[in-house]
Amino acid sequence: MKTISIFNQKGGVGKTTTVVNLATALSKLGKKILVIDFDPQANTTTGLGLDKSKVEKSIYKMFYEEDSFENYIVKTEDGAYLIPSENALSGLEVELVSLDERERLTMLSSIIKEIGDDFDLIIIDCPPSLGLLSLNALVASDSIIIPIQTEYYALEGVSELMNTYKSIKSSVKEDLEIEGVLLCMFDGRCKLSYEVVEEVKSYFKSKVFKTMIPRNIKLAEAPSYGKSVIVYDEKSKGARAYLNLASELIENIKKESKEKENFKKKT
Ligand code: ADP
Ligand code: MG
C-alpha cells in the first residue's frame with residue numbers, strides 16, 4: 001500500500017480533477033483505491049457524487065470521534081472509496097496549532113495508520129495552501145504528485161512548494177518522494193503550452209509524467225453531475241488521458257518496488 005498526496009498550493013491547477021479522475025481510473029483498472037478529501041472546500045466529495053451538506057462522517061470528525069474507521073468510508077458510484085470532507089475542516093487548521101509540534105504534523109498519518117493495508121493506494125486531495133492541513137497530508141504520504149497548469153505562470157510558486165517539500169523531507173519524513181509532475185489543461189492549439197511543457201521538463205526532468213492532461217470541456221462538466229469523467233464520458237479525451245495516467249502510475253510503482261527489492265538484496 002502506498003499513500004500519495006496531490007499537492008500544489010496554487011488553486012485551480014487541477015488537483016481535485018486529478019484526484020477524482022485518477023482514483024476512478026485506477027479503480028477501473030482493478031485497484032482498490034481510497035480517496036481522502038482533505039480540502040475544506042470538499043470539491044472532491046461533491047465531484048464523486050456526495051452531497052457535502054449531508055456528510056456526517058467526514059475526515060474532520062475522524063479527529064474527534066472514537067468510532068472505527070470503516071464507518072467513515074463510503075464506496076462511491078464510480079468505484080473508488082472515499083473519506084469525505086466538510087467545510088468545518090478549515091477549523092482544524094486553527095485547532096492543530098495548540099498541539100505540540102510533532103503531533104501537529106502527524107495527526108493525519110496516525111489516522112491513516114489505523115486504516116492499515118486495506119487498500120492498494122490512498123490518494124489525498126490537498127487544500128490550496130501550505131498550511132497545517134497540507135503539511136499533515138505530506139507527512140502522511142509516501143510520495144506526492146504535483147499538478148501544474150500549462151499556462152504562463154506555471155512555475156510561479158514552485159520554488160516555495162519545493163522548499164516546503166524539502167523541509168518536510170529533512171525534518172519529519174525523510175523518504176517522502178516526488179511520484180511525478182503532471183501537466184494539466186494542456187492546450188495543443190496554443191504555442192505557449194508547448195513552451196511551458198519544455199520549461200517544466202527542464203526544471204523537473206524525468207519526474208514529469210509522460211501523460212499530459214489536455215484541456216477538455218468534459219472534465220469541467222463532469223463534476224456538476226457528481227461524476228468522474230471516466231463515467232460521465234468514457235470516450236472523451238479527458239477520460240482517456242486519466243486512464244493513461246493510471247496505467248503509467250501503476251507501471252512506475254511496479255518499477256520502484258522492483259528497484260527497492262534489488263537494492264535490499266544488494267545491501
Ligand atoms: P484545484 O483542485 O487545483 O483547485 P480543480 O481540479 O478544481 O483545481 O480545477 C480548477 C477548474 O478547472 C475546475 O473548474 C475544473 O473543472 C477545471 N479543470 C481542471 N482540469 C481541467 C481540464 N483538463 N480541462 C478543462 N477544465 C479543467
Ligand atoms: Mg481542489
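**View 1. The annotated AAA region of the chain.** The unreviewed UniProt entry carries the annotation "domain: AAA" over residues 1–178; such annotations may be inferred rather than shown by experiment. In this predicted model, local features need pLDDT of at least 70 and side-chain atom pairs count only at pLDDT 80 or more, while totals for chains, interfaces and linings use all residues. Residues are numbered from 1 along each chain as its sequence is written, and chains are lettered from A and ligands numbered from 1 in the order in which they are written. Residues 1–178 are 38% helix and 16% strand, taken as DSSP runs (helices H or I, at least four residues; strands E, at least two). The end C-alpha atoms of this stretch lie 16 Å apart.

**View 2. The shell around ligand 1.** Here we meet 18 residues, of which K15, T16, T17, L219 and A220 come nearest (near means a C-beta atom, placed from the backbone, within 6 Å). Helices α1 (15–28) and α9 (217–221) each give two or more residues, and α1 gives the most, with three.

**View 3. The largest nonpolar core.** Among its 68 residues, V35, I123 and Y242 touch the most other members (the core joins buried Ala, Val, Leu, Ile, Met, Phe, Trp, Tyr and Cys through C-beta atoms within 7 Å; buried means 20 or more other C-beta atoms within 10 Å). Helix α11 (residues 237–266) provides the largest share of this core, seven residues.

**View 4. Helix α7, hardly covered.** Just one of the 14 residues in α7 is buried. This helix (residues 158–171) reaches 20 Å from its first C-alpha to its last.

Notes
A residue is buried if 20 or more other C-beta atoms lie within 10 Å of its own, exposed if 12 or fewer, and partly exposed in between; C-beta atoms are placed from the backbone. The expected span of a helix is 1.5 Å times one less than its number of residues.
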